[in-house]
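Work through the exercises below with the sequence and the model open beside you. Try each task before reading its solution.

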Amino acid sequence: MKGKGKQICMFSLSALILIFFDQWTKHLAVTHLKGNPAFVIIEGVFELFYSENRGAAFSILQGKQGFLFLITLAVLVFTVYALIKMPVSRRFLPLTVCLNMLASGAIGNMVDRVSNGYVVDFLYFSLIDFPIFNVADIYVTTSAAAFLLLMLWFYKEEELEIFSPGKKEAEEKP
């Protein structure tokens, strides 16, 4: 398998692994934390605390499951579009990793929303009273921050023109 097919296959495989890890950690949270007091890892700093989030990040958009589903769908459409348009080259590997983490996080939380009606959160930095989050949230936030940094300082404007509507996919380069 070469080129675009290999890229899509590796993207899909790694996304499945990331989604599995997210779902596995949420399962552990449900099994071991639900109905129990917080499990303190570092006193006054970090703990595992079971929470059910019926909104998005930081509990915004509470009860707007349909809207959140549409946002997730839009993220996935964007990811597929970008993956198809993106050349298969080492230069675009960081962007591919960002897209993979973004899609995996979005799918991981969507699985929870569809199956439970809420997202399981369990990681809590009590030192700064940061909102409780999960592994999928880490994927989304890290990939969004990395994506922003890549767009600002790594990729040139000409390299990103391939994502413009009407532009053909760039030729593959080793």
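**Exercise 1.** Does Val77 count as buried or exposed, and at what relative accessibility?

*Solution.* Begin with the ground rules: this is a predicted model, in which local features need pLDDT of at least 70 and side-chain atom pairs count only at pLDDT 80 or more, while totals for chains, interfaces and linings use all residues. Residues are numbered from 1 along each chain as its sequence is written, and side-chain values use heavy atoms, with hydrogens and water left out.

Next, apply the cut-offs: buried means under 20% relative accessible area, exposed over 50%, and partly exposed in between (1.4 Å probe, protein chains only). Val77 has 53% relative accessibility and therefore counts as exposed.

**Exercise 2.** Describe helix H2, its length and its two kinds of surroundings.

*Solution.* Helices (H or I, at least four residues) and strands (E, at least two) are DSSP runs, numbered from the N terminus. The expected span of a helix is 1.5 Å times one less than its number of residues. For the 21 residues of H2 this gives 30 Å, and the end C-alpha atoms are indeed 30 Å apart, so the two values agree.

Now look at the surface, where Phe69, Leu70, Leu73, Val77 and Val114 form a nonpolar patch with about 470 Å² of accessible area together. Such patches are made of residues with over 30% relative accessible area and no salt bridge, like charges being joined within 9 Å and nonpolar side chains (Val, Leu, Ile, Met, Phe, Trp, Tyr) within 5 Å; the areas come from the Shrake-Rupley method with a 1.4 Å probe, and for residues only the protein chains shown count as cover. Helix H2 (residues 65-85) supplies the largest share of this patch, four residues.

Finally, turn to the buried residues of H2, among them Leu68, Leu76 and Leu83. Their cover includes helix H1 (3-33) and helix H3 (93-116).

**Exercise 3.** Which residues does the salt-bridge network join?

*Solution.* A salt bridge is a side-chain nitrogen of Lys or Arg within 4 Å of a carboxyl oxygen of Asp or Glu, and the whole structure holds four of them. In one, the side chains of Asp22 and Lys26 meet at 2.9 Å, N to O; these residues are four apart in helix H1, which means that about one helical turn separates them. In another, Asp112 pairs with Lys26, with the closest N and O atoms 3.3 Å apart. Because Asp112 lies in helix H3 and Lys26 in helix H1, this pair ties together parts that are 86 residues apart in sequence. Asp112 and Lys26 are both buried, and Asp22 is buried as well.

A further salt bridge joins Glu52 and Lys34 at 3.7 Å, N to O. Glu52 lies in strand E2 (residues 46-53) and Lys34 in the loop between H1 and strand E1 (39-42), so parts 18 residues apart in sequence are tied together. The network itself consists of Asp22, Lys26 and Asp112, joined by salt bridges that share partners.

**Exercise 4.** Where does Asn134 lie, and what does its side chain reach?

*Solution.* Asn134 lies in the loop between strand E3 (119-125) and helix H4 (135-154), and at 0% relative accessibility this residue counts as buried. Its side chain reaches the backbone nitrogen of Asp137 at 2.8 Å, and a polar atom of the Asn134 side chain lies 3.0 Å from the backbone oxygen of Val120. Taking contact to mean heavy atoms within 4.5 Å, and not counting residues up to four places away in sequence, the residues that Asn134 touches include Asp22 and Lys26.

Methods: A polar contact is a pair of N or O atoms within 3.5 Å; within protein, one must be able to donate a hydrogen and the other to accept it, and residues adjacent in sequence count only if both atoms are side-chain atoms.
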